[in-house]
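Good morning, everyone, and thank you for having me. Please take a moment to look over the sequence and the model before I begin.

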Amino acid sequence: PLRIYVTQRFVDRVEAAGGHEVRFEGLSYDYAVLSVPVLAWTDKTRRVSDYGTAAVSVYSLSASGIERRGLMETDAAAGTFGAADRAYALSYGVAVPGAKLALGAAAKLVESSLDSARATALTADLGALWRVGNWAAAGGVRNAFGSLRLGSYADSLPFVAYGAASWRRGQWLAVAEADLPRQDAMVLSCGSEYRVRAAPGLSAAARAGWRSERRDAGGLGGVS
């Protein structure tokens, strides 16, 4: 699905989000996020977001039931195994006083597993969000440093520089994004979201988008 990074607003209340996606051939994606303005649970005369917002989050992409094959070619698999990539992040963001600009950073612990092999690495994300009227723009880097070592080989984490822009009108949000990986071609994305309030404190959204990295599949490849 299209990842919408430009949210059009700065967080000014306690928010929680989570999700579970079941994908093809045993692949699943899970996430949970909790964001809390620093002054949210204190007596104050200032806005709750004046000293910034902190967040904790967990992301997991896992695969199960991968067939195990030995050196000898056989029709039957010699069992199955699993693989997973997880990230645990502690984030902080703050609006610059007197400007329509916010800056943020996240420290992340990345964990990767493949069968019985395990590897961990520390890294960081950096970003900035600018907003004026119905428009917002963002830019930054993901996985600024770090590498994972599975066995005897160390692989650098996927560094990505990105820029994005969005425009909101009523319940509609339109987004465009460009990702520039260190060792791959630029990826372009665009999409739209329609959000409705289902109940007090509860909203629902429908999203549609397109990513250029999946266009090689033909047909509706890249559309979500």
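I will go from the whole chain to its sheet, and then to its core.

Please keep in mind that this is a predicted model, in which local features need pLDDT of at least 70 and side-chain atom pairs count only at pLDDT 80 or more, while totals for chains, interfaces and linings use all residues. Residues are numbered from 1 along each chain as its sequence is written, and side-chain values use heavy atoms, with hydrogens and water left out.

The protein chain has 13 strands and zero helices, where strands are DSSP runs of E with at least two residues, helices are runs of H or I with at least four, and both are numbered from the N terminus. Of its 224 residues, 27% count as buried, that is, under 20% relative accessible area with a 1.4 Å probe, protein chains only.

How are the strands arranged in the open sheet? Eleven of them follow the order S1-S2-S3-S4-S5-S6-S7-S10-S11-S12-S13, with antiparallel pairing, and two strands pair if DSSP finds at least two bridges between them. Strands S1 (15-22) and S13 (202-211) stand at the edges with a single partner strand each, so one side of each is left without a neighbour in the sheet. At one of these edges, ten bridges join S12 (residues 187-199) to S13, and Val196 has Ala204 in S13 as its bridge partner.

Finally, the largest nonpolar core (buried Ala, Val, Leu, Ile, Met, Phe, Trp, Tyr and Cys residues joined through side-chain atoms within 4.5 Å) consists of five residues, Val110, Ala119, Ala121, Leu148 and Leu157.

How values were computed:
Buried means under 20% relative accessible area, exposed over 50%, partly exposed in between (1.4 Å probe, protein chains only).
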